[in-house]
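Let's take a friendly walk through this model, from its chain-wide make-up to a few residues worth finding in your viewer.

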Amino acid sequence: MAAWSLECGSQTVHQPAENVYAMKGDSVTLDCSYENYGGNDYIFWYKQDGRAAPKFILSLSMTGLGKTESSFEKRFSCSINDTAKRAPLKIQDVQLSDSAVFYCAIQPTAVGYKIIFGSGTRLTVESQEDLAPSFYKMEGQVTACLATGFSRHNATEKAGKKVFEGSHAARISGEPLYNQVALLTPEKADLCDKGDSGPGRCQDALAPDEKVNLVSLTVLVLRLIFAKTLAINGVMTLHLWLAAP
């Protein structure tokens, strides 16, 4: 996908990488380039977690002025290379909590307080542990293949599962492991287990658990007993109230 940028007049902020993947503990550089930067203009970097408001990370000018938010001081830094027209953000010892969208922005002094943002770069930090996916075939009104519990965003691709082409692995916020779902057509119904190298069904089926069923039945019986007790108590109370002089 072609990268895009935002511009105001003759000034442009460009973030070429839409997605960056890194391993926990690595050092990462998120690129940002610009055009027609003035000597008194400021570069900004922001971090956005999910749908929350972007958080200020740092600001920097060619003269060296600027500041870094205290919670980012230890591992986040930026330097301006005016010859190459770049102001990359460097992150040391990346953590899973660093997974977010990072925005580069410029504040041209010529247009007052207006800030021009780049399109953003999504950083995804993955665990050092390499866990392979488990596959489950789910059958109902539709048939689907579920890959779950893996630690690399492209694990299904590496496993040769072409059935997952067109879908994307996703993580619950704050969780290190991915899940991925692909709908199965009748022609691909047997490709959930062994990928495209040969036929084969799912390793595990999502079948009802006998213990879960027993617990559910027990809870239902207890609820019925409780409801019956309430009904008897209500009838007795009504009878005593009607019998009172």
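Helices (H or I, at least four residues) and strands (E, at least two) are DSSP runs, numbered from the N terminus. What you have here is a predicted model, in which local features need pLDDT of at least 70 and side-chain atom pairs count only at pLDDT 80 or more, while totals for chains, interfaces and linings use all residues. Residues are numbered from 1 along each chain as its sequence is written, and side-chain values use heavy atoms, with hydrogens and water left out.

**A lysine to start with**

Lysine 47 is found in strand E6. Is lysine 47 buried or exposed? Its relative accessibility is 9%, so lysine 47 counts as buried; the cut-offs are under 20% relative accessible area for buried, over 50% for exposed and partly exposed in between (1.4 Å probe, protein chains only). The lysine 47 side chain reaches the backbone oxygen of serine 97 at 3.0 Å. Contact means heavy atoms within 4.5 Å. Not counting residues up to four places away in sequence, lysine 47 touches ten-odd partners you can pick out on screen, among them Ala53, Pro54, Phe72, Ser97, Asp98 and Phe102.**The chain and its cores**

The protein chain holds two helices and 17 strands. Of its 245 residues, 33% are buried. Among contacts between residues at least 6 apart in sequence, 55% join residues at least 24 apart.

A nonpolar core is a set of buried Ala, Val, Leu, Ile, Met, Phe, Trp, Tyr and Cys residues joined through side-chain atoms within 4.5 Å. The largest one has 27 residues, and Trp45, Leu89 and Phe102 have the most contacts inside it. Elements giving two or more residues to this core include strand E6 (42-48), strand E10 (89-91) and strand E11 (100-107). E11 gives the most, with four residues. In soluble globular proteins, nonpolar side chains tend to be buried together.

Leucine 89 touches residues including Val28, Trp45, Ile57, Phe76 and Phe102, again not counting residues up to four places away in sequence. A second, separate core of 11 residues includes Phe135, Cys145, Val163 and Phe164.

**The largest pocket**

About 770 Å³ of space lies in the largest pocket. Here a pocket is found on a 1 Å grid over the protein atoms alone, as an open set of points where a 1.4 Å probe fits, with protein on both sides within 12 Å along at least five of seven lines; lining residues have an atom within 4 Å of a point. Grid points are joined across faces, edges and corners, and the volume is the space filled by probe spheres set on the points.

Of the 31 lining residues, Thr124, Ala169, Ala170, Arg171 and Tyr178 are the closest to the pocket centre. E13 gives the most to the lining, with three residues. The lining divides into 10 nonpolar, 14 polar and seven charged residues, where Ala, Val, Leu, Ile, Met, Phe, Trp, Tyr, Cys and Pro count as nonpolar, Asp, Glu, Lys and Arg as charged, and the others, Gly among them, as polar.

**Three loop residues**

| Residue | Loop | Relative accessible area |
|---|---|---|
| Lysine 85 | between E9 and E10 | 31%, partly exposed |
| Aspartate 93 | between E10 and E11 | 38%, partly exposed |
| Alanine 170 | between H1 and E16 | 43%, partly exposed |

Lysine 85 has a positive phi, near 60°, and the phi of aspartate 93 is positive too, near 50°. Most residues other than glycine have a negative phi.

Which residues does alanine 170 contact, leaving aside its neighbours within four places in sequence? They are Leu177, Tyr178 and Asn179. The C-alpha atoms of alanine 170 and histidine 153 are separated by 7.8 Å, with the two residues 17 apart along the chain.

Technical notes. Polar contact = N/O pair within 3.5 Å; in protein donor to acceptor, adjacent residues only side chain to side chain.
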